[in-house]
Amino acid sequence: MRRILHAADIHLDSPLRNLESYDQAPLEQIRGASRRALENLVKLAIDEEVDLVVIAGDLYDGDWKDQNTGLFFVGQAAKLTQAGIPLVVIRGNHDAENVMTSSLPLPKNPDGSEIMLASKKVDCRTFESIGVAVHGRSFRTKAELEDLSQSYPRPLSGMFNLGLLHTSLTGAEGHDTYSPCKPIELSAKEYDYWALGHVHTRGEHGLADAAPIVFSGNIQGRHIRESGAKGCYILDIDERGGIALKFHPLDVVRWESFELHTSDMQSTDEILDAYESWLGTTLAQIGDRMLVSRVSIVGPSKIHHQLHQQRHRLESSLRATAITHGGGQAWMEKFRLRTTSPNKKLNVGDLDGPLASISSVVERLRTSVDRGDLIAGEFTSLVKKLPDQHETFDPTDLQWVDELIESAAADLLGRFDG
């Protein structure tokens with residue numbers, strides 16, 4: 001039995017943008033997450049007694065601000081090699097050769113081979129003791145637009161052949177198209193396994209009865225769009241070359257979204273109770289990790305006006321719930337209030353005067369296809385003057401525009417009712 005650990009997209013010391021904008025954010029825990037996730041990877045490899053570790057690109061998030069990033073990886077790589085575990089790494093778009101201006105000597109593998117694969121051509125590392133050959137090629141430039149897999153050689157006879165590649169395959173949402181290729185083309189190489197990087201969502205893309213083509217995903221989520229468990233795969237390879245894949249989470253900070261429909265709710269207390277219940281269930285599932293959540297209250301709601309009038313109080317109560325019931329393990333990253341009136345119209349009764357005027361203006365905004373541009377034209381100069389804006393005004397984000405309209409309408413009604 002041979003064991004190989006496949007990881008990718010470490011993004012060591014990746015910056016997490018805009019954290020300073022949020023009061024009480026656990027900055028140090030989140031900032032250090034990529035380092036602790038890499039430490040988890042090394043510990044897992046040693047504890048599970050794997051025979052080889054491969055990293056399919058984007059070890060670094062970009063050029064180092066100082067040498068500490070490189071020194072940290074040198075230390076972790078040394079732990080592996082000192083434990084007798086070889087390591088093979090390729091560069092991706094974030095740490096391509098022309099991106100990195102600094103470098104440090106890396107430890108050699110136990111057999112004396114280099115850890116980092118070359119970029120000018122496909123490089124190969126053979127590990128005779130375990131019968132494994134790793135074929136890979138680093139990115140020379142950030143934007144490798146050609147299909148690098150075309151230059152990968154035929155498999156070595158009598159070896160388990162692993163292709164190490166940083167690629168978007170046929171394309172993935174949220175990821176630039178680099179080294180594009182098709183699964184059928186990779187299968188035609190007749191390798192035994194393709195270890196891919198670049199796409200941060202893990203998954204298998206191999207054809208039926210063909211070698212597995214696998215994205216391991218990144219090892220640590222960096223924002224709310226990278227939610228769920230993040231980690232690596234361990235391949236168990238039997239005497240006949242059969243592969244058993246098992247995912248192992250490595251992340252230390254877990255990003256999750258909590259979306260709540262309030263159509264049947266009568267008070268904000270029910271919202272707080274629902275969030276508290278979700279926190280308890282989710283924290284129990286993720287172990288000792290930090291939970292960072294985004295809360296979205298959506299849909300038609302009987303208490304729509306009340307929610308928008310009490311928006312800031314509700315947001316503070318939700319944050320307090322995360323702090324109180326999370327035991328220092330939970331934090332609410334952002335709050336979205338996107339409810340509507342049940343009948344989609346303002347409830348102003350039969351009154352004339354100001355309330356009728358409000359109703360007319362809001363309904364015109366609600367139904368206008370260019371409502372984002374209308375609001376942007378009115379308030380762009382005002383927004384520029386406001387301090388500490390957590391997000392810029394984007395008139396193309398109609399969900400956010402509608403949220404602003406609903407909040408303003410509810411606030412105005414509250415003022416008139418008072």
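Analyst: Two strands count as paired if DSSP finds at least two bridges between them, and strands themselves are DSSP runs (E, at least two residues), as helices are runs of H or I with at least four residues, each numbered from the N terminus. What you see is a predicted model, where local features need pLDDT of at least 70, side-chain atom pairs count only at pLDDT 80 or more, and totals for chains, interfaces and linings use all residues. Residues are numbered from 1 along each chain as its sequence is written, and side-chain values use heavy atoms, with hydrogens and water left out.

User: Thanks! What makes β4 and β5 a pair?

Analyst: Five bridges join β4 to β5 (residues 132-136), in the antiparallel sense; the rule asks for at least two, so they are a pair. One of the bridges sets Phe127 against Val132 in β5.

User: Which sheet do they belong to, and why is β4 called an edge strand?

Analyst: They sit in an open sheet of six strands, ordered β4-β5-β6-β7-β9-β8, with mixed pairing. β4 (123-127) pairs on one side only, as does β8 (203-204), and these are the edge strands.

User: Why is Val132 called buried?

Analyst: Buried means under 20% relative accessible area, exposed means over 50%, and partly exposed lies in between (1.4 Å probe, protein chains only). Val132 has 0%, so it is buried. Leaving aside residues up to four places away in sequence, Val132 touches Arg2, Ile4, Leu52, Arg125, Thr126, Phe127, Met159 and Phe160, where contact means heavy atoms within 4.5 Å.

User: How do you know that β2 belongs to the other sheet, and what are its neighbours?

Analyst: The second open sheet has five strands in the order β3-β2-β1-β10-β11, with mixed pairing, which places β2 between β3 and β1. Its edge strands are β3 (87-90) and β11 (243-249). Four bridges join β2 (residues 52-56) to β3, running parallel, and four more parallel bridges join β1 to β2. Ile55 shows both links: its bridge partner in β3 is Val89, while Ala7 stands opposite Ile55.

User: What makes you say that both faces of β2 are covered?

Analyst: In a regular strand the side chains alternate between the two faces of the sheet. In β2, Leu52, Val54 and Ala56 lie on one side and Val53 and Ile55 on the other, and all are buried.

User: What describes the packing of α5 and α7?

Analyst: Two packed helices are described by the angle between their axes and the distance between the axes. For α5 (residues 268-286) and α7 (residues 311-326), the angle is about 35° and the axes are 10 Å apart. The axes are lines fitted to C-alpha atoms, for helices over the stretch in contact, and angles run from 0 to 180 degrees between N-to-C directions.

User: And why is their crossing given its handedness?

Analyst: A crossing is left-handed if the near helix is turned anticlockwise from the far one by less than a right angle, and right-handed if clockwise. The crossing of α5 and α7 is right-handed. Residues making the contact include Leu272 and Tyr275 of α5 and Leu314 and Leu318 of α7.

User: Finally, how many disulfides are there, and are Cys181 and Cys232 buried or exposed?

Analyst: A disulfide is a pair of cysteine sulfur atoms within 2.5 Å, and the structure holds zero of them. Cys181 has a relative accessible area of 3%, so it is buried, and Cys232, at 0%, is buried too.
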